[in-house]
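Subject: Structure handover

Hello,

I am passing on the structure we discussed. The model is below, and my notes on it follow.

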Amino acid sequence: MSSLELVFILSGAIALVAARWLHKRAVRRAESNLRTVFDTAPIGNAVLGPRDRIVEANHALGRIVGFTPRELLGRTLSDIVHPEDAGRLTDAIAALRSGEQRGLETELRCLHATGQSIPAAVHAAALRSADGDGARVLLQVLDITERKRVEAHLQHMADHDPLTGLLNRRRFEQELERHVAQAQRYGTEGAVLVLDVDRFKQVNDAYGHTTGDRVINSVARVLRRRLRTTDTLARLGGDEFAVLLPKADRREAEIVARRLVEAIRAQADPANDERTGAVTISVGAAVLDERETLSAEAAMVDADLAMYDAKDAGGDGYAFFTAEVHAATRARARTTWRDRIVDALANDRFALVAQPVLDAQSGKTVQHELLLRMTGPHGTLIPPAAFLSIAERDGLIVAIDQWVVRRAIGLLAELEQRGEATRLEVNISGRSISDATLLALIAGELKRTGADPRNLVFEIPETAAVADVQLARAFAQHVQGLGCQFAIDDFGAGLASLYYLKHLPFDALKLDGELVGHCTRNPADRLLIESAVNVVHGLGRSAIAEQVGDAETHALLRELGVNLVQGHHFGMPLPLDAAFGSGGTPAPATQARLRRVA
């Protein structure tokens with residue numbers, strides 16, 4: 001062998017040794033880095049060996065379960081997982097080891113050294129060796145206590161009235177439907193009470209919402225004290241409450257109704273202002289086993305009718321629903337209003353009034369909301385609350401929406417011809433968004449009048465959008481395809497709202513008046529408004545607040561970034577000639593909002 005060959009051989013051997021040394025060094029460095037990541041990670045890490053014993057653990061896991069990493073070595077899952085969850089986790093890890101399951105992601109309760117349960121999100125994966133053995137398992141644990149607290153808080157806000165802390169209408173109706181379903185299966189029992197504070201509107205109008213809120217809170221406290229823990233008490237909204245007595249018959253319901261009336265009269269605080277007079281209530285009661293066909297909605301309607309009987313008798317009392325007496329009354333009232341709606345449609349006896357909408361920052365009027373009214377026999381204007389529910393039940397709501405669309409597009413074209421380009425927003429009911437004739441009417445009227453579709457915004461209530469997201473999206477895409485815009489009204493009424501925003505191509509969002517009305521006094525309402533505004537602005541859209549009642553609320557909404565505001569604090573609804581006629585014409589680029597409902 002020549003010396004040259006020997007040199008080559010030695011050089012190759014040296015290079016091989018050097019490569020191996022460098023490889024081992026890289027491996028050691030990688031292992032050191034992995035060890036650092038494992039030990040310092042903010043997520044609890046553990047490696048499970050045979051029989052699910054901990055062979056490695058980091059400080060984060062120790063903080064979660066109350067042990068040091070050294071103290072955790074040799075412990076089993078039963079030492080750090082709640083007994084009711086340990087078996088489920090053990091079975092899942094066995095499936096990982098066997099290869100039946102590739103990964104694990106679940107939530108369970110860890111067990112702190114003090115015995116306290118800690119909610120945790122758990123991830124696990126088998127650590128397989130070169131020969132495919134999965135004897136070891138990596139367990140990752142994240143403390144989700146704060147997340148669970150926030151979820152519980154949000155759920156509480158979704159189920160409870162922000163002013164009184166009582167259940168809200170949505171949750172009460174759920175409880176009533178659950179009780180009715182159980183009654184239909186196991187035997188009908190129970191009663192529903194609807195309670196209304198007498199002369200509350202006069203108190204609110206005369207002394208302001210702050211005084212009104214104190215009265216409502218006082219009534220809620222008395223009702224809560226006088227009812228049993230098994231009874232369900234809720235604030236339906238405004239000055240209206242409801243009670244479900246799950247085991248009551250007519251005699252027991254009458255006892256409860258009488259005691260509540262007496263308790264409110266004697267104990268409710270008239271807002272520390274003797275000018276408001278004594279607080280009294282009217283109670284309507286409906287006994288479930290007195291109905292031939294049982295439903296939660298029917299029970300609420302029955303109790304509501306009886307409550308109005310109590311009011312008609314002078315208030316400060318109670319009345320019971322009687323099928324024979326109220327059936328004729330209900331049918332007569334419904335028939336009368338149906339005839340009046342049909343007559344109003346046939347003879348153009350609907351009218352519109354306009355309420356100013358202001359820029360929240362500058363305070364300048366920049367648009368108007370047009371509200372629907374029915375013209376009464378002597379020229380009086382009847383608010384929509386008196387007839388819209390009947391129009392919806394009898395299928396007349398679509399015809400009303402068509403009337404509104406014609407007037408909106410006609411008004412838009414008129415203003416454009418006068419050189420006063422204006423944006424109009426038309427509120428459409430949930431029943432109409434699936435109506436093909438309405439969609440055809442919109443396209444036809446735009447073409448006939450030559451109105452600019454960019455100045456037209458169609459708005460639907462949040463509850464209608466959430467009830468059928470696919471249908472709402474299809475409607476939005478259709479009107480946007482015509483060149484119009486789309487908005488969501490009464491945002492926050494359903495409290496399932498933020499999730500659905502990503503599914504709806506909206507241009508503007510109007511915050512529900514119930515949410516706005518208490519935002520200066522209720523941190524939960526403020527948080528919800530702030531969250532909604534942040535999301536809306538992040539999506540490049542506008543936020544509008546309705547029913548702003550005072551300067552303090554306006555200032556807070558301005559601080560939170562709400563774009564537009566409206567309410568009685570700024571101006572009452574005006575006739576159209578005052579809002580859009582000579583001397584009352586809005587400035588160019590003004591936006592007018594057209595809605596069916598006040």
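I start with a helix pair. Helix α20 passes helix α21 in a right-handed crossing. On the α20 side, the contact is made by R526, I529, E530 and V533, and on the α21 side by L556, L557, E559 and L560. Sorted by class, that contact has five nonpolar residues, three charged ones and no polar ones. In sequence, α20 covers residues 523-538 and α21 covers residues 551-560; their axes come within 10 Å and cross at roughly 40°. An angle from 35 to 65 degrees falls outside both the roughly parallel and the roughly perpendicular classes, and α20 is therefore oblique to α21.

Please keep in mind that this is a predicted model. The protein has 598 residues, of which 46% are buried. Its secondary structure comes to 22 helices and 21 strands. Of the contacts with a separation of 6 or more, 64% are between residues 24 or more positions apart.

The open sheet

In what order do the five strands of the open sheet stand? The order is β2-β1-β5-β4-β3, and the pairing is antiparallel. The edges are taken by β2 (54-57) and β3 (104-111); each has a single partner strand, so one side of each has no neighbour in the sheet. From one strand to the next, the twist averages 30°.

Strand β1 (residues 44-48) has two pairings to report. With β5 (residues 136-143), β1 pairs in the antiparallel sense over five bridges. Within that pairing, V47 has L138 of β5 as its bridge partner. With β2, β1 pairs over three bridges, again in the antiparallel sense. Here the bridge partner of A46 is A57 in β2. β1 and β2 also form a hairpin, with five residues between them, and in its turn R51 has a positive phi of about 55°.

Two helices lie across strands of this group. Helix α5 (residues 83-98) lies across β1, β3, β4 (117-127) and β5, and runs at about 145° to β3. Helix α6 (residues 145-159) lies across β3, β4 and β5, and its angle to β4 is about 125°.

Strands β11 to β13

Is strand β12 mostly covered or mostly uncovered? β12 spans residues 365-375 and is mostly covered: eight of its 11 residues are buried. β12 has pairings with β11 and with β13.

Strand β11 (residues 350-359) runs antiparallel to β12, and nine bridges join the two. One residue pair in this pairing is F350 opposite M374 of β12. The two strands form a hairpin with five residues between them, where G363 in the turn has a positive phi of about 80°.

The pairing of β12 with β13 (residues 381-382) is antiparallel as well, over two bridges. T375 stands opposite L381 in β13. Five residues lie between the strands of this hairpin, and G379 takes a positive phi near 85°.

If you look at the turns side by side, the residues with positive phi to find are R51 in the β1-β2 hairpin, G363 in the β11-β12 hairpin and G379 in the β12-β13 hairpin.

Regards

Notes
Residues are numbered from 1 along each chain as its sequence is written. This is a predicted model: local features need pLDDT of at least 70, side-chain atom pairs count only at pLDDT 80 or more; totals for chains, interfaces and linings use all residues. Side-chain values use heavy atoms; hydrogens and water are left out. Two strands pair if DSSP finds at least two bridges between them. Helices (H or I, at least four residues) and strands (E, at least two) are DSSP runs, numbered from the N terminus. Axes are lines fitted to C-alpha atoms, for helices over the stretch in contact, and angles run from 0 to 180 degrees between N-to-C directions. Contact means heavy atoms within 4.5 Å. Angles under 35 degrees count as roughly parallel, over 145 as roughly antiparallel, 65 to 115 as roughly perpendicular and the rest as oblique. A crossing is left-handed if the near helix is turned anticlockwise from the far one by less than a right angle, and right-handed if clockwise. Ala, Val, Leu, Ile, Met, Phe, Trp, Tyr, Cys and Pro count as nonpolar, Asp, Glu, Lys and Arg as charged, and the others, Gly among them, as polar. Buried means under 20% relative accessible area, exposed over 50%, partly exposed in between (1.4 Å probe, protein chains only).
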